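Good morning, everyone. Please look at the screen, and I will walk you through one protein.

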Amino acid sequence: MHLEGQLRRDTFRSARERLQAACGSHTLAGERNLPAPGPVATEGALPSPVILGRFTFFLKDESNVYPLRLGMNSIGRLPDNDIVLNDECVSRRHCAIVVHSDLRCELHDVASKNGTVLNGRHIPQPAKLQSGDQITLCNRRLTFHVTEAAGDVG
């Protein structure tokens, strides 16, 4: 049992390091220029999605909207995740979405026990996200959305 636990911790640490490297200095520099994020998104809460320039990034399930911010957005069961999903099948730190300042978005599995599925396929490595993509964590289905605000008419 001890070796299995150590292997999982090592796998998680490796995944976390890859995730932090994927954020890169360009994205992290943008994070430092933003105001502090609002409250953590939990089930039942309906916070307003965060707007990056003219674009809004968020996840949605049947009844909840989970805003995403520039940089790393962690998803899992632990209360210190950016998005908390109260489901025993979801890992404590299941996956993360990185929103880059150039508007690229990536989904990273963080060595979750049951894996992360994007549009019906397990992701063995980080995957690019597009608006409308379906993310499945065990039995939880979330839809990734990017919306653009209407331009000012002068």
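Start with the contacts. Take those with a separation of 6 or more: 44% of them join residues 24 or more positions apart. Keep in mind that this is a predicted model.

Next, the overall layout. The protein has one helix and 13 strands. Along the sequence, the helix comes ahead of the strands. Of the 154 residues, 40% are buried. The exposed surface is about 9,200 Å², and carbon and sulfur atoms supply 52% of that.

Now go inside. Which residues touch the most other members of the largest nonpolar core? They are Leu-59, Ile-97, Ile-135 and Phe-144, in a core of 22 residues. Five elements give two or more residues each to this core: strand 3, strand 7, strand 8, strand 12 and strand 13.

Pick out Ile-135. Leaving aside residues up to four places away in sequence, Ile-135 touches Leu-59, Ile-97 and Phe-144, among others. Its other contacts include Leu-107, Thr-116 and Arg-140.

Let's turn to strand 8. Is it mostly covered or mostly open? Mostly covered: four of its five residues are buried. Strand 8 has pairing partners, too. With strand 7 it pairs antiparallel, over five bridges. One example is Cys-105, the bridge partner of Val-99. Five residues sit between the two strands in this hairpin, and there Leu-103 takes a positive phi near 80°.

Strand 11 also pairs with strand 8, again antiparallel, through two bridges. Here Leu-107 has Ala-127 as its bridge partner. Leu-107 is also on the contact list of Ile-135.

That's my tour. Thank you.

Notes: Residues are numbered from 1 along each chain as its sequence is written. This is a predicted model: local features need pLDDT of at least 70, side-chain atom pairs count only at pLDDT 80 or more; totals for chains, interfaces and linings use all residues. Side-chain values use heavy atoms; hydrogens and water are left out. A nonpolar core is a set of buried Ala, Val, Leu, Ile, Met, Phe, Trp, Tyr and Cys residues joined through side-chain atoms within 4.5 Å. Buried means under 20% relative accessible area, exposed over 50%, partly exposed in between (1.4 Å probe, protein chains only). Contact means heavy atoms within 4.5 Å. Two strands pair if DSSP finds at least two bridges between them. Accessible areas come from the Shrake-Rupley method with a 1.4 Å probe; for residues, only the protein chains shown count as cover.
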